[in-house]
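Please look at the sequence and the model together, and follow the chain with the text beside you. The paragraphs below go from one packing arrangement to the next.

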Amino acid sequence: MTAVTDFLASRFEGHKALRRDIHAHPELGFKETRTAALIAERLRAAGYEVVEGVGTTGLVATLSRGAGPTIGLRADMDALPMDEETNLPHASKTPGVFHGCGHDGHTVSLLATAEALAAEGGFSGTLRMIFQPAEEGLGGGLRMIEEGLFERFPCDLVYGFHNMPLLPLGTATVRPGPAMASADEFKVTFTGKGGHAAMPHLSKDCALALSELTVALQRLVARGVDPLRSAVLSVTQIHVGQAHNVIAGSGWLGGTVRTLGAEERDFVEAGMHRLAKAVALAHEMEVEVTYTRGYPPLVNDSAVATRVAEGLRASPVVEMVEDVPPIMAAEDFAYMLEKVPGAYLNFGMAKEGEANPMVHNPAYDFRDELIPVIAATMVELVRAELPET
Ligand SMILES: [Zn+2]
Ligand SMILES: [Zn+2]
């Protein structure tokens with residue numbers, strides 16, 4: 001065992017207890033005050049200079065050890081607005097709030113990384129530990145950037161990571177280029193004319209218009225996107241009508257669009273406006289389209305991700321899983337990767353013969369054994385980028 005794994009083993013019980021404490025006291029996005037305070041205290045004790053309140057409840061901890069590059073590492077701290085159904089002793093004490101994505105584990109894993117790097121030293125350069133709020137759909141990473149994250153705390157490269165219940169514990173993966181999708185939201189509202197269901201010629205039927213648009217939208221991806229590239233358009237809501245004998249005079253549909261590339265994103269957005277107008281024209285109705293861009297695609301810097309992949313292949317701690325395809329879920333870290341080159345890793349968490357519920361499942365729980373695996377790997381990756389002393 002190396003000094004770093006010894007150090008992490010000696011701290012494991014403490015890290016596990018802290019992770020379970022944060023799990024039992026989950027906080028929603030931009031409300032992570034208790035979590036941030038716990039982490040800030042420990043980072044200061046480890047020798048970091050901590051600035052709190054970056055992006056509302058986020059914090060940045062800096063440790064400088066001489067000349068060299070500046071490396072940023074980011075974890076997310078927020079929980080999900082859902083109930084936990086694990087019945088574990090450390091289950092959430094707050095109804096309707098649950099660490100169902102393992103951000104409690106990410107937070108403690110990054111703290112463990114920070115402590116190990118500070119304790120072991122041996123490098124020249126600067127570390128920045130970025131604890132972001134509100135990853136779950138609220139764009140806490142973007143808010144940190146808007147509040148000057150990389151101007152106030154410049155980084156030469158930045159790493160992020162997530163647990164992955166679909167891969168075995170002890171594995172890790174990284175993918176050069178696009179790795180996760182953008183996530184946009186849309187709503188299309190038709191206004192026609194209500195009337196008696198037995199006299200359709202006197203009305204303008206929004207149920208029919210919404211049905212036609214739902215089908216028409218499917219052509220955008222099926223017939224408009226290069227089959228070797230990726231996009232998803234899902235209509236997830238259709239709201240129309242109140243009675244079996246009344247033609248609805250208004251109604252709306254909504255859903256999500258996910259793409260891995262800017263070109264597909266622009267194409268689907270423009271196509272949606274075009275088709276909605278065409279259906280409205282055909283039905284002599286008014287239409288309003290709201291298309292809201294959310295997280296951008298997550299694109300790993302090719303050079304950095306290639307170096308990370310080499311590091312994972314050589315790692316004594318994890319086994320690299322090769323050629324994992326991109327996923328069409330989205331991730332707030334994408335905003336940071338738009339500003340600073342870097343890479344986003346996934347760490348396997350599944351154990352054979354166990355249920356291994358996926359993130360966002362009410363039965364999910366972060367596996368504490370993953371804390372030293374993530375921390376030891378991140379320490380290796382950071383040290384590979386910094387000159388030794
Ligand atoms: Zn999540
Ligand atoms: Zn997550």
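**Helices, sheets and two domains**

Helix H8 (residues 302-314) lies across strand E5, strand E6 (171-173), strand E15 and strand E16 (342-350), and runs at about 35 degrees to E16. Helices (H or I, at least four residues) and strands (E, at least two) are DSSP runs, numbered from the N terminus, while axes are lines fitted to C-alpha atoms, for helices over the stretch in contact, and angles run from 0 to 180 degrees between N-to-C directions. Another helix, H10 (residues 370-385), packs on the sheet as well, where it touches E3, strand E4 (125-132), E5, E6 and E16, and its direction makes about 145 degrees with that of E5. Contact here is a matter of distance: two residues are in contact if their C-beta atoms, placed from the backbone, lie within 7 Å.

This is a predicted model, in which local features need pLDDT of at least 70 and side-chain atom pairs count only at pLDDT 80 or more, whereas totals for chains, interfaces and linings use all residues. Residues are numbered from 1 along each chain as its sequence is written, and chains are lettered from A and ligands numbered from 1 in the order in which they are written.

How are the strands of the eight-stranded open sheet ordered? The order is E1-E2-E4-E3-E5-E16-E6-E15, with mixed pairing, and two strands pair if DSSP finds at least two bridges between them. Strand E1 (49-54) and strand E15 (319-320) stand at the edges with a single partner strand each, so one side of each is left without a neighbour in the sheet. Within this sheet, strand E3 (residues 70-76) and strand E5 (residues 157-168) run parallel and are joined by four bridges, and Gly72 stands opposite Val158 in E5.

Two further helices, H2 (residues 33-45) and H3 (residues 103-120), pack at an angle of about 10 degrees with their axes 10 Å apart. That makes H2 roughly parallel to H3, since angles under 35 degrees count as roughly parallel, over 145 as roughly antiparallel, 65 to 115 as roughly perpendicular and the rest as oblique. Thr35, Ile39, Arg42 and Leu43 of H2 make the contact with Thr107, Leu111 and Ala114 of H3. By class, this contact of H2 with H3 has four nonpolar, two polar and one charged residues, where Ala, Val, Leu, Ile, Met, Phe, Trp, Tyr, Cys and Pro count as nonpolar, Asp, Glu, Lys and Arg as charged, and the others, Gly among them, as polar.

A second open sheet has four strands in the order E10-E12-E8-E13, with antiparallel pairing. Its edge strands are E10 (231-240) and E13 (286-292), each of which pairs on one side only. Nine bridges pair E10 with strand E12 (residues 250-259) in the antiparallel sense, and His239 stands opposite Trp252 in E12. Helix H6 packs on this sheet, touching strand E8 (184-191), E10 and E12, with a direction that makes about 175 degrees with that of E10, and helix H7 touches E8, E10, E12 and E13, its direction making about 165 degrees with that of E13. The axes of H6 (residues 206-224) and H7 (residues 262-283) come within 10 Å and cross at roughly 145 degrees.

Finally, the domain assignment, whose bounds come from an automatic or database source, gives domain 1 (3-180 + 297-385) and domain 2 (184-292). Their C-alpha centres lie 39 Å apart, and the contact takes five residues from domain 1 and six residues from domain 2.
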